[in-house]
Amino acid sequence: MIREDRYITFALGKGRLAKQTLELFEKIGITCEEMKDKDTRRLIFVNENLRLRFFLAKGPDVPTYVEYGAADIGVVGKDTILEEGRNIYEVLDLGFGRCRMCVCGPTGAGDLLQHHELIRVATKYPRIAKDYFYNKKHQTVEIIKLNGSIELAPIVGLSEVIVDIVETGSTLRENGLGVLEEVCPLSARMVVNQVSLKMENERITRLITDLKSVLKQ
Ligand code: PRP
């Protein structure tokens, strides 16, 4: 009996990460021509020969698709993995999308962090901020959730500091803010559904091994 491999499904975080992921996959012979068509409105793309499917999702939704097994594999930023706290395996650092999660603010706010003052912290990442202040620094703070342009918060007086992603640092510099403390380094990671890793162990392990070998070069 001929056994047809089942499809392995990838959820990729929309935008730059997806583009860089596909470039990396091409280096190990995994291509998806359908996905390169910029005008397409299709949501799911298939490579019939390799029995692979790909779809694009909002970053924070990628761990959700992977936890429930709607995708076997996901590619998403470490920030999103930490913030979503899903039951998934993180199997590989893909090395791109490197940046840092930092506590930032005006220089004067540094003192508030040393003396454990009750301060307000604005962030898109309340879970990461809570873990950092409560569990690592043992400082009680008020966390205020925002959805973007976080750097505005200390400028307009919403909070004393922010917890946010710093890549080049230019957003901070152009707004008179700076890094006060580093929370953790970030980059794109590959995540896998826990059942898929057992059921499709051979194919997924081979994929990880192939990726590791091109990442070393
Ligand atoms: C991210 C992040 C910072 C900025 C950091 O925001 O929240 O604002 O990029 O990059 P830099 O250090 O190179 O200046 P993004 O552009 O994703 O938009 P957002 O403010 O809506 O979150």
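**Exercise 1: a loop residue**

Work out which residues Ile88 touches, leaving out those up to four places away in sequence.

*Solution.* Step 1: list the partners, taking contact to mean heavy atoms within 4.5 Å. Ile88 touches Pro63, Val66, Glu67, Val191, Val192 and Gln194.

Before going on, a word on the ground rules. This is a predicted model, in which local features need pLDDT of at least 70 and side-chain atom pairs count only at pLDDT 80 or more, while totals for chains, interfaces and linings use all residues. Residues are numbered from 1 along each chain as its sequence is written, and side-chain values use heavy atoms, with hydrogens and water left out.

Step 2: place Ile88 on the chain. Helices (H or I, at least four residues) and strands (E, at least two) are DSSP runs, numbered from the N terminus. Ile88 sits in the loop between helix H3 (78–84) and strand E5 (89–93).

Step 3: check its exposure. Buried means under 20% relative accessible area, exposed over 50%, and partly exposed in between, with a 1.4 Å probe and protein chains only. Ile88 has a relative accessible area of 13%, so Ile88 is buried.

**Exercise 2: the whole protein**

Describe the overall make-up of the protein: how many helices and strands does it have, and what share of its residues is buried?

*Solution.* Step 1: count the elements, which gives nine helices and 11 strands. Step 2: take the buried share, 45% of the 217 residues. Step 3: put a box around the C-alpha atoms along the principal axes, and the box is roughly 70 × 35 × 35 Å. Step 4: look at contacts with a separation of 6 or more; residues 24 or more positions apart account for 68% of them.

**Exercise 3: the nonpolar cores**

Identify which members of the largest nonpolar core touch the most other members, and which element supplies the largest share.

*Solution.* Step 1: recall the term. A nonpolar core is a set of buried Ala, Val, Leu, Ile, Met, Phe, Trp, Tyr and Cys residues joined through side-chain atoms within 4.5 Å. In soluble globular proteins, nonpolar side chains tend to be buried together.

Step 2: rank the members. The largest core has 28 residues, and those touching the most other members are Phe10, Phe54, Ile73, Leu94, Met190, Leu207 and Leu211.

Step 3: trace them to elements. At least two core residues come from each of E1 (8–13), H1 (16–27), E3 (52–57), E4 (73–77), E11 (188–192) and H9 (201–216). H9 gives the largest share, with five residues.

Step 4: look for another core. There is a second, separate one of 18 residues, and its members include Ala109, Ile128, Ala129 and Cys184.

**Exercise 4: two threonines**

Decide whether Thr9 and Thr21 are buried or exposed, then find their contacts beyond four places in sequence.

*Solution.* Step 1: Thr9 lies in strand E1, while Thr21 belongs to helix H1. Step 2: Thr9 has a relative accessibility of 3%, so Thr9 counts as buried. Thr21 is buried too, at 0%.

Step 3: Thr9 is in contact with Arg53, Phe55, Ala70, Ala71, Asp72 and Ile73. For Thr21 the partners are Leu12, Val75 and Phe96.

Step 4: look for a polar contact, a pair of N or O atoms within 3.5 Å; within protein, one must be able to donate a hydrogen and the other to accept it, and residues adjacent in sequence count only if both atoms are side-chain atoms. The side chains of Thr9 and Arg53 are joined by one of 3.1 Å.

**Exercise 5: around the ligand**

Find which residues surround the ligand and what share of its area the protein buries.

*Solution.* Step 1: collect residues with a heavy atom within 4 Å of the ligand. These are Lys124, Gly148, Ser149, Glu151, Asp164, Ile165, Val166, Glu167, Thr168, Gly169, Ser170 and Thr171.

Step 2: note their origin. E9 (161–166) and H7 (170–174) each supply at least two, and E9 gives the most, with three.

Step 3: pick out polar pairs. Ligand oxygen atoms lie 2.8 Å from an N or O atom in the Asp164 side chain, 2.8 Å from a polar backbone atom of Glu167 and 2.5 Å from an N or O atom in the Thr168 side chain.

Step 4: compute areas by the Shrake-Rupley method with a 1.4 Å probe. Alone, the ligand exposes 500 Å², and the protein buries 65% of that.
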